[in-house]
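Visitor: Please take one part of this model and go through its packing closely. I would like the cut-offs stated along the way.

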Amino acid sequence: MNNQEKIKKKLLKHILKNGKKLVSEKILTKSLKSIQKSQKKPHNEIVKLAVINSTPMFRVIKLKNKRRKKKSIKEIPAFLSTYLYRTSWSLKYLSKTLSSKIDTGFSNKLTHEILSSAKHESSTITLKNELQNKAFEKKKYFRHYRW
C-alpha cells in the first residue's frame, strides 16, 4: 500500500460520521473530481501539498494536577516524531476546520479547504500556526520531554 492510499484511508476515517463509509467515499471522490476539473495539476499532488502545508511538528498535551485542591492544568509540548502521526494530525485539523465552516455541501467545503491549504491560505494553517506558537511559548516544559 503506497502513501496515497494511506492518506485516502485516513482522510476517510476523519470524514466518517455515524459509520457511513459509502457516504464519506462519495464526498471524497466528488471533491477530488472537482479539484481535478478546476486545477491543472493532478489532484494527488494538490492533496499531498495541502497535507504537507498543514502538517504540525508539535502538539500540546494537557495534564491535570490532582494532588492540589486547585485543579491546575499543565500544558506540555510533545514532538510528533513519525510521518504517520504528522499526517494524521494534519488530516484531523482539516476535518476540524471543515466542521466549523458554514457552507452548502460538505464536498464543496472539502475542495475549498484542500485548495486553500495547498495555496497556504487556509484556516487549517492558521490553526496549526496557533498550536505551534502555543507549544513554543511553553518552552520551559520541554524539560519534561524525553528526547
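Guide: The account below starts with the whole chain and then follows helix 5 and its surroundings.

The model is predicted, so local features are given only at pLDDT of at least 70 and side-chain atom pairs count only at pLDDT 80 or more, while totals for chains, interfaces and linings use all residues. Residues are numbered from 1 along each chain as its sequence is written, and side-chain values use heavy atoms, with hydrogens and water left out.

The protein chain has six helices and two strands. Both are DSSP runs numbered from the N terminus: H or I over at least four residues for a helix, E over at least two for a strand. Along the sequence the order is α-α-α-β-β-α-α-α. Of the 147 residues, 36% count as buried; buried means under 20% relative accessible area, exposed means over 50%, and partly exposed lies in between, with a 1.4 Å probe and protein chains only. The accessible surface of the chain is about 10,400 Å², and 53% of that belongs to carbon and sulfur atoms. These areas come from the Shrake-Rupley method with a 1.4 Å probe, and for residues only the protein chains shown count as cover. Of the contacts between residues at least 6 apart in sequence, 60% join residues at least 24 apart, a contact being heavy atoms within 4.5 Å.

The largest nonpolar core has 19 residues. Such a core is a set of buried Ala, Val, Leu, Ile, Met, Phe, Trp, Tyr and Cys residues joined through side-chain atoms within 4.5 Å. Leu-28, Ile-35, Ile-46, Val-47, Leu-91, Leu-110 and Ile-114 have the most contacts inside this core. At least two core residues come from each of helix 1 (3-15), helix 2 (21-38), helix 3 (43-53), helix 4 (83-100) and helix 5 (106-118). In soluble globular proteins, nonpolar side chains tend to be buried together.

Within helix 5, Leu-110 is a useful starting point. Leu-110 counts as buried because its relative accessibility is 0%. Leaving aside residues up to four places away in sequence, Leu-110 touches Ile-15, Ile-27, Leu-28, Ser-31 and Leu-98. Its C-alpha is 9.7 Å from that of Ile-35, although the two residues are 75 apart along the chain.

Helix 2 is one packing partner of helix 5: the axes are 9 Å apart and the angle is about 50°. Axes are lines fitted to C-alpha atoms, for helices over the stretch in contact, and angles run from 0 to 180 degrees between N-to-C directions. Helix 2 and helix 5 are therefore oblique to each other; under 35 degrees would be roughly parallel, over 145 roughly antiparallel, 65 to 115 roughly perpendicular, and the rest oblique. Helix 2 passes helix 5 in a right-handed crossing. A crossing is right-handed if the near helix is turned clockwise from the far one by less than a right angle, and left-handed if anticlockwise. On the helix 2 side the meeting residues include Ile-27, Leu-28, Ser-31 and Ile-35, and on the helix 5 side they include Phe-106, Leu-110, Thr-111 and Ile-114.

Helix 3 also packs on helix 5, with axes that come within 8 Å and cross at roughly 70°. That makes helix 3 roughly perpendicular to helix 5, and the crossing is left-handed. Ile-46, Val-47, Leu-49, Ala-50 and Asn-53 in helix 3 meet Ile-114, Leu-115, Ser-117 and Ala-118 in helix 5. Taken alone, Ile-46 touches Ile-35, Gln-39, Lys-41, Ile-114, Leu-115 and Ala-118, again without residues up to four places away in sequence.

Helix 2 has a further neighbour in helix 1, at an angle of about 120° with the axes 9 Å apart. That makes helix 1 oblique to helix 2, in a right-handed crossing. Here Lys-8, Leu-11, Leu-12 and Ile-15 in helix 1 meet Ser-24, Glu-25 and Leu-28 in helix 2.

His-120 lies in the loop between helix 5 and helix 6. Its phi is near 70°, a positive value in a residue other than glycine. Most residues other than glycine have a negative phi. His-120 is partly exposed, with a relative accessible area of 48%. Beyond that loop, Gln-132 sits in helix 6 (residues 123-137) and is buried at a relative accessible area of 9%. Gln-132 touches Pro-56, Met-57 and Phe-58, not counting residues up to four places away in sequence.
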